[in-house]
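Trainee: Hi, I've just opened this one and don't know where to begin. Can you walk me through it?
Mentor: Sure, let's put it up first.

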Amino acid sequence: MTKTTITLKINGATRTVDVEPSDVLIEVLRDKLGIKSPKIGCDRGDCGTCTVLLNGQTVRSCLVLAVEADGGEIVTLEGIGTDGLTPLQKAFIAHNSFQCGFCAPGVTLAATELLRKNAQPTRDEIKEAIAGNLCRCTGYTPIIDAIEDAAKPANKKTKAKK
Amino acid sequence: MPITHPFEYYKPARLVDALALLHTHKGGASVLAGGTDLIVWLKEGVAAPRALVDIKGIKELEVLELKDGMLRIGARATFTVLIESKIVRGKFPVLWEAARTVASVGVRNRATLAGNICSAIPCLDSAPALLVYEAVVVLQGPAGTRRIPITEWFVGLKKTARQPDEMVTSIELPLPKKNGGCYVKLGRYAGEDLAQVGLAILAFADNTWRIAHCAVAPTPQRMAGVETILAGKPLAAALISKACARAAKDISPIADVRASKEYRQHMAGIMLTRGLKAAAARLAGTGPAYGTSLL
């Protein structure tokens, strides 16, 4: 089938890559572009570990064709906290939120999107925002606690400065 | 899992070009909107189109407007767009409530309402809401425009009234008179899950009702028998029991990995009871806020 060259802005850098129409974004990111933070988990949109931000919104990169993303802007975990850890990442560390870390990139991006849209989410809103990101280690409590902490007014100033 | 089946990819900027592509491929092309179902089916080999026609470049399908008493939802509108729309939340809260229960944020950012009804799986959350709002599906094809009432849209498991060279361009919902309503969804847990039972209810001031289900039959449907039992009478315990008995006859749930047939039957009655009360209370202005779980 017709091979095409697509251009993506990934974590601020412009990259071009040759793809088949049937190439899935997660595979292009990992295998052709060497970006390894999004993982392949369920590979059908349920587990959230392949989450990336596409044009500012979290998407399941296992359910997006690479050609669909042509001309788009992608942010992965590698593009978060490049000027030092974000308040959210600091809160994850303070709460020891992750154990194996497989879900961490997806959870971090989902929580980043939530806090951009809703600076003061309720606990239920936090749970809903990460409902599509499965963690098999922690039982979620330290993850939810950290997001709640990162959203506290005390952290808002630091966030605004960023 | 890579997609092993090869296909061509097109992203037309105009609706006429998309329709021409569907026509040229004579049923061999699939429309790609959010892709959250289609990409899975491509991976699994369930779908094997020769071409994908990506409609995300077509400006005219972006529409989301309430005009002359009619809400038009373009084929590109994602569930996130619907959830964030003040019009949908304010005027069609049952659709808003249902949209919030679809999968997860990352899926809702891509998945479209039009795609949801084209996939036509039995547990699609949007169907009961569209049924109670008496939506009309607008299609374009070689023969021009066709308008199909949502009651005639779902013709079987994953089967719709759409012809292969037709495309859903929008879904229209007439603005109903003053009502209270709800979408009640039973999942295994509060987070992302497919519905085991889904019920949408609209209550009107003259004690008439619109009720529809999903996940308890091969296709989502209005529950006309239940509506007739309830019509014109004040909502009392005895009447609710009669309605539940009728509902049990009108549904034919399956047993699968998510729930047994008996559990679905039982919960449908409980959900109908709570849903009727909540819809009536919301009509009276005393019910829980839309979005509050009734289970």
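**Domains, sheet and chain contact**

Mentor: Let's begin in chain B: the centres of its domain 1 and domain 2, taken over C-alpha atoms, are 18 Å apart. Keep in mind that this is a predicted model.

Trainee: Okay. How many residues does each of those two domains put into the contact?
Mentor: Domain 1 of chain B puts in 12 residues, and domain 2 of chain B puts in 18 residues.

Trainee: And which element gives the most on the domain 1 side?
Mentor: That's helix 1 of chain B, residues 15-24, with 5 residues on the side that touches domain 2 of chain B. By class, that side of domain 1 of chain B has 6 nonpolar, 5 polar and 1 charged residues.

Trainee: Where do the domains of chain B start and end?
Mentor: The assignment puts domain 1 at 8-54, domain 2 at 59-174 and domain 3 at 179-284.

Trainee: Let's talk sheets. What's the strand order in the open sheet of chain B?
Mentor: The order is 11-12-13-14, so to speak from one side across, with antiparallel pairing of the 4 strands. Strand 11 (179-186) and strand 14 (221-222) of chain B each have a single partner strand, so they stand at the edges and one side of each has no neighbour in the sheet.

Trainee: What about strand 12 and strand 13 of chain B, how many bridges do they pair over?
Mentor: They pair over 6 bridges, in the antiparallel sense. Strand 12 covers residues 197-204 of chain B, and strand 13 covers residues 209-214. For a spot to look at, find B:I201: opposite it, in strand 13 of chain B, stands B:I211.

Trainee: Which helix packs on that sheet?
Mentor: Helix 11 of chain B, residues 261-284. It touches strand 11 and strand 12 of chain B, and its direction makes about 155° with that of strand 11 of chain B.

Trainee: Switching to chain A. How many helices and strands are there?
Mentor: Chain A has 6 helices and 5 strands. Going from the N terminus, they run β-β-α-β-β-β-α-α-α-α-α.

Trainee: Why can I call chain A as compact as a globular protein of its length?
Mentor: Its radius of gyration is 16 Å, close to the 15 Å the globule rule gives for 162 residues, so chain A is as compact as a globular protein of that length. Of those 162 residues, 49% count as buried. Along the principal axes, the C-alpha atoms of chain A fill a box of roughly 50 × 35 × 25 Å.

Trainee: Which domains does chain A have?
Mentor: The assignment gives domain 1 (4-79) and domain 2 (87-155). Their centres, over C-alpha atoms, are separated by 22 Å. In chain A, 14 residues of domain 1 are in contact with 11 residues of domain 2.

Trainee: Which strand gives the most to the domain 1 side there?
Mentor: Strand 3 of chain A, with 3 residues. That side of domain 1 of chain A divides into 6 nonpolar, 7 polar and 1 charged.

Trainee: Last one: how many residues of chain A and chain B are in contact?
Mentor: 24 residues of chain A are in contact with 23 residues of chain B. On the chain A side, strand 4 (residues 57-60) gives the most, with 4 residues. The chain A side that touches chain B divides into 11 nonpolar, 8 polar and 5 charged residues.

Conventions:
Residues numbered from 1 in each chain as written. Chains lettered and ligands numbered in written order. Predicted model: local features only at pLDDT ≥ 70, side-chain atom pairs only at ≥ 80, totals over all residues. Contact = placed C-beta atoms within 7 Å. Helix = DSSP H or I, 4+ residues; strand = E, 2+ residues; numbered from the N terminus. Nonpolar A, V, L, I, M, F, W, Y, C, P; charged D, E, K, R; others polar. Pairing = 2+ DSSP bridges. Axes fitted to C-alpha atoms, helices over the stretch in contact; angles between N-to-C directions. Rg over C-alpha atoms; globule rule 2.2 N^0.38 Å. Buried ≥ 20, exposed ≤ 12 C-beta atoms within 10 Å, placed from the backbone. Domains from an automatic or database assignment.
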